[in-house]
Amino acid sequence: MATPHEPKQDRSRATRQRLLEATIDCLAETGWAAATVAVVAERAGVSRGAAQHHFPTREELITAALEYMFDSRNEQARDEAATLSELVDGVARTEAVVAGLVESYTSSLFKAALQVWTHAAADPVLRERIVPLEAKFGRASHRRAVEALGVDDTDPVAHHLVQATLDLARGLGLADVLTDDSARRKQIVQQWSVTLHTALNAAR
């Protein structure tokens with residue numbers, strides 16, 4: 001049975017989600033300096049007071065936005081895993097996995113996170129918040145890649161091949177920040193997928 005408090009709670013959750021999505025958009029499109037609480041609140045269509053009710057400080061807003069990005073990426077990964085289950089094993093499957101990993105590092109979510117990572121490098125207070133999150137994200141990304149590729153992560157060769165793939169994906173994501181690198185990126189993904197598939201099969 002519905003309670004009188006549910007509509008208010010629903011509105012509160014909706015406001016919080018709008019603020020988090022607006023934060024990600026601001027970071028990705030206009031950078032760290034422009035992603036202030038006031039700007040985010042205006043973009044989300046809420047008052048600054050309402051924004052500060054949910055997130056009293058900018059650091060809390062940014063940290064929550066990163067957590068939201070992480071959860072969004074996990075949902076995307078589940079969808080990708082469902083699609084992968086329809087593919088037979090082979091180079092095509094490996095390429096689909098690599099392409100998905102690379103795509104996650106060329107998305108607006110990554111561009112937003114990159115703004116925070118860069119600023120945290122020079123801000124000790126923010127860095128203290130971000131480093132544990134980055135470690136958490138890194139472990140989750142590695143685990144998703146291992147599961148998608150169907151490899152034994154206890155094997156050091158397979159472990160390092162997966163990590164090299166993630167490092168490659170991150171590097172390609174950085175290359176895409178200033179210019180459209182899609183044509184070159186597609187060729188690299190195709191070539192690395194063949195190399196990775198061969199190496200993983202040899203390691204099994």
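Which residue just after α2 takes a positive phi? In this predicted model, the residue is G45, with a phi of about 80°. This small detail is a handy place to start, and the overall architecture helps to put it in context.

The chain has 9 helices and 0 strands, and from the N terminus on its elements run α-α-α-α-α-α-α-α-α. Taken along the principal axes, the C-alpha atoms fill a box of roughly 60 × 50 × 30 Å. The accessible surface of the chain comes to about 11500 Å², and carbon and sulfur atoms account for 55% of that area. Of the 204 residues in the chain, 39% are buried. Contacts also reach across the sequence: among those between residues at least 6 apart, 67% join residues at least 24 apart.

Helix α2, the element that G45 follows, spans residues 37-44. Its buried residues are V37, V40, A41 and A44. Seen down the axis of α2, these buried residues fall within an arc of 100°, so they line one face of the helix. A general feature of helices is useful here: an α-helix has 3.6 residues a turn, so residues three or four places apart point the same way.

The interior comes next. In soluble globular proteins, nonpolar side chains tend to be buried together. The largest nonpolar core of this model holds 33 residues. Within this core, the members that touch the most other members are L19, I24, L27, L66, M69, V116 and I130. Helices α1 (6-30), α2, α4 (58-84), α6 (108-120) and α7 (124-149) each supply at least two residues of the core, and α4 gives the most, with 8 residues. L19 shows what such a position looks like in detail. Leaving out residues up to four places away in sequence, L19 touches V40, A41, A44, V46, A51, H54, F55 and L61. Three of these partners, V40, A41 and A44, have already appeared among the buried residues of α2. A second, separate core has 21 residues, including V146, A148, L149 and A169.

Charged side chains add another layer to the picture. Side chains of opposite charge can pair when their charged atoms come close. The structure holds 6 salt bridges. One of them joins R43 and E29, with the closest N and O atoms 2.6 Å apart. Because R43 lies in helix α2 and E29 in helix α1, the pair ties together parts that are 14 residues apart in sequence. R43 counts as partly exposed, at 39% relative accessibility, whereas E29 is exposed, with a relative accessible area of 54%.

Another salt bridge pairs D176 with K111, the closest N and O atoms being 3.4 Å apart. D176 lies in the loop between α8 and α9 (182-203) and K111 in helix α6, so this pair ties together parts that are 65 residues apart in sequence. D176 is buried, with a relative accessible area of 13%. The pairing also belongs to something wider, as K111, D176 and R185 are linked in a network of salt bridges.

Helix α8 (residues 156-175) offers a local example. The side chains of D167 and R170 meet in a salt bridge, at 3.0 Å from N to O. Being 3 residues apart in helix α8, the two are separated by about one helical turn. D167 is partly exposed, with a relative accessible area of 38%, and R170 is also partly exposed, at 31%. Not counting residues up to four places away in sequence, R170 touches Y105 and F110. R170 and V116 are 54 residues apart in sequence, and their C-alpha atoms are 15 Å apart in space.

The surface has a nonpolar feature too. L174, V177 and L178 make a nonpolar surface patch of about 310 Å². Of these residues, L174 has its place in helix α8 and counts as partly exposed, at 44% relative accessibility. Helix α8 therefore holds both R170, at 31% relative accessibility, and L174, at 44%.

Key:
Residues are numbered from 1 along each chain as its sequence is written. This is a predicted model: local features need pLDDT of at least 70, side-chain atom pairs count only at pLDDT 80 or more; totals for chains, interfaces and linings use all residues. Side-chain values use heavy atoms; hydrogens and water are left out. Patches are made of residues with over 30% relative accessible area and no salt bridge: like charges are joined within 9 Å, nonpolar side chains (Val, Leu, Ile, Met, Phe, Trp, Tyr) within 5 Å. Accessible areas come from the Shrake-Rupley method with a 1.4 Å probe; for residues, only the protein chains shown count as cover. A salt bridge is a side-chain nitrogen of Lys or Arg within 4 Å of a carboxyl oxygen of Asp or Glu. Helices (H or I, at least four residues) and strands (E, at least two) are DSSP runs, numbered from the N terminus. Buried means under 20% relative accessible area, exposed over 50%, partly exposed in between (1.4 Å probe, protein chains only). The arc is that of the directions from the helix axis to the C-beta atoms. A nonpolar core is a set of buried Ala, Val, Leu, Ile, Met, Phe, Trp, Tyr and Cys residues joined through side-chain atoms within 4.5 Å. Contact means heavy atoms within 4.5 Å.
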